[in-house]
Amino acid sequence: MDGEHDGWLTNGMPPGPFPLPVLGNLHQLGKMPHKALKKFSEKYGGLTTIFLGSVPTVLVSDPVILKELIITKSEQIIDRYNSDSAQIIGQEKNLLFAKGPYWKKYRKLFTGAMTKARTHNIASRIEQQAINLNNFFGNYAASGQPLNPHDYIRRYSLNGVIDYSFSDFVEYESETDHIVIKAAEIMEEILATGNPHDYIPFLKPFYTAKREALGNAVGQVWTYCEEAINIHRKSLNEEKPRDLLDLLLMEWDKSDEKDFYEDDGLAKCLTDLIVAGHETVAITLGWLIIFMVNNPEMQEKVYEELVQVVGKGNHPTLHHRNSTTYLNAVLKETLRIRTAAPLALPRSAVEDIEIGGYTIPKGTQVLMAVYGLAMDDNHWDSPEEFNPDRWIKETSSSDYTYIPFGLGPRMCVGMGVAKDELYYAASQMLINFKWTSCDGKPLDDEGVSRIALEYKQYQIKVSKR
Ligand code: HEM
């Protein structure tokens with residue numbers, strides 16, 4: 001079947017808006033691309049072709065087609081699409097952007113080590129970071145000053161990853177020149193705004209300085225990870241693994257494919273945990289605070305549930321998670337309504353794929369409409385409403401319409417860590433403090449669209465319970 005680009009035939013690809021030379025449809029995405037893309041899906045259907053500059057891209061927004069493509073045909077869509085920036089970040093040697101058998105082998109190593117991390121209670125490192133964050137908020141509450149939580153929740157999410165992975169962390173109170181914080185900030189700033197040369201290759205020469213800055217920042221994190229590998233290898237005690245890196249070295253040692261792995265590849269994959277795990281968790285916590293401030297009765301309900309399950313003066317732990325139904329629903333709803341990765345991460349068609357009566361040609365970039373699916377009123381009652389009860393009443397058809405961590409064999413490898421980090425921080429923050437707006441008005445809940453769907457920074461009052 002031929003798709004129509006508003007009258008323009010696309011050789012069997014799904015329909016979509018008419019693309020301009022050079023720009024493609026970039027000019028139609030505006031300041032909120034996730035919303036513009038949702039409108040395209042509504043107009044053209046569950047498979048829509050758009051051109052991001054010169055990059056042909058298929059957006060998948062139908063849950064049935066999504067399941068067929070990402071689960072049933074998973075091998076045909078397992079690779080990532082590598083933009084120029086992605087190439088700089090990973091050189092196709094990292095988990096985020098590598099392809100084929102290389103990716104599979106490193107993914108196996110990480111999945112194995114992360115599963116073992118559960119039995120060795122490595123998540124207790126994250127718990128300690130949540131306690132440190134709350135001690136910091138405690139000092140702030142005592143001062144009575146308005147708080148912009150942005151920098152501190154970011155530091156928590158970074159600490160969560162580097163403590164869990166390397167037994168390293170930075171203090172909340174101090175100015176720090178920790179190499180990873182500086183490098184992560186540079187990387188995120190460069191990536192967040194999007195890079196036109198990723199879509200319009202002839203612009204590359206105009207972005208030399210930016211490309212070099214990205215390469216230098218990521219290079220510093222590789223060096224940090226390589227040094228951590230050396231130190232861990234010398235001090236590893238297999239009886240008492242301290243963190244994820246210890247467990248990775250142990251998995252490597254017992255692997256049938258021991259000779260395949262290299263320090264260079266491991267360092268690049270470890271770098272991903274920082275790149276992919278820092279902003280995403282911090283942004284989700286930032287949104288959680290907004291929705292709790294704007295819905296004081298829900299905040300109160302979470303508090304009461306925590307007091308009942310955990311007891312006042314006690315630290316919530318993962319053992320309490322199964323009993324805090326309402327808090328779990330609040331976290332799920334936050335990840336639905338303001339998902340940090342509204343288009344997940346781009347996949348690439350490994351070969352020509354026949355689906356839904358159309359062809360997705362080999363090499364085409366494929367995006368999952370994470371935001372579009374989560375906000376589709378064909379699948380959700382009043383999707384624009386923050387309503388944790390929808391998860392308790394189970395009235396939603398959430399299977400393939402709720403995919404904040406992606407789908408299939410290439411879904412987020414850090415999902416378990418992310419959920420632990422979110423639970424620890426949220427439970428501590430909400431049992432210990434009351435969060436209110438400074439002027440009694442609701443906080444902005446629209447946000448700004450950068451590479452992630454970010455909140456606008458805000459100030460709030462935090463008072464001790
Ligand atoms: C709220 C927090 C997070 C969200 C919403 C999120 C979301 C995602 C999504 C949508 C993908 C792409 C999945 C796909 O293609 O199907 C992904 C991949 C990935 N995420 Fe996360 N993530 C989060 C936290 C984390 C954390 C904490 C880590 C590390 C500890 C992490 C590490 C990764 C890595 C390494 C990949 C690439 C996996 C691969 O290609 O094999 N993420 N994440």
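## Surface and charge

In this predicted model, the protein chain has an accessible surface of about 19,900 Å². Carbon and sulfur atoms account for 52% of that area.

As for charges, the protein chain carries 49 positive and 62 negative ones. Take the mean position of each set, and the two points sit 1 Å apart.

## Overall build

The protein chain has 465 residues, and a compact globule with that many would have a radius of gyration near 23 Å. The value here is 22 Å, so the chain agrees with that expectation. Along the principal axes, the C-alpha atoms fill a box of roughly 65 × 55 × 40 Å.

Inside that box, the secondary structure comes to 15 helices and 13 strands. Of the 465 residues, 57% count as buried. Now look at contacts between residues at least 6 apart in sequence: 72% of these join residues at least 24 apart.

## Cysteines

If you're wondering about disulfides, the structure holds zero of them. C269, for one, is in no disulfide: the nearest cysteine sulfur belongs to C225 and is 10.0 Å away. A pair would need its sulfur atoms within 2.5 Å to count, so at 10.0 Å C269 and C225 don't qualify.

How accessible are these side chains? C269 has a relative accessible area of 0%, so it is buried, the cut-off being under 20%. C412 comes out at 35% relative accessibility, which makes it partly exposed.

## Q220 on helix α8

Q220 is in helix α8, which covers residues 208-235. With a relative accessible area of 37%, Q220 is partly exposed. Setting aside neighbours within four places in sequence, Q220 is in contact with I179 and A183.

For a sense of distance, compare Q220 with G24. They are 196 residues apart along the chain, and their C-alpha atoms are separated by 35 Å.

## Two loop residues with positive phi

Most residues other than glycine have a negative phi. Two residues here are worth a look on that score.

Q91 is not a glycine, yet its phi is positive, at about 45°. You'll find Q91 in the loop between α3 (84-90) and α4 (100-119), and its relative accessible area of 43% makes it partly exposed.

N121 also has a positive phi without being a glycine, with a value near 55°. N121 is in the loop between α4 and α5 (124-143). At a relative accessible area of 47%, N121 is partly exposed.

Notes: Residues are numbered from 1 along each chain as its sequence is written. This is a predicted model: local features need pLDDT of at least 70, side-chain atom pairs count only at pLDDT 80 or more; totals for chains, interfaces and linings use all residues. Side-chain values use heavy atoms; hydrogens and water are left out. Helices (H or I, at least four residues) and strands (E, at least two) are DSSP runs, numbered from the N terminus. The radius of gyration is taken over C-alpha atoms; the globule rule is 2.2 Å times the number of residues to the power 0.38. Buried means under 20% relative accessible area, exposed over 50%, partly exposed in between (1.4 Å probe, protein chains only). Contact means heavy atoms within 4.5 Å. Accessible areas come from the Shrake-Rupley method with a 1.4 Å probe; for residues, only the protein chains shown count as cover. Lys and Arg count as positive and Asp and Glu as negative; His and the chain ends are not counted. The place of a charge is taken as NZ of Lys, CZ of Arg, CG of Asp or CD of Glu.
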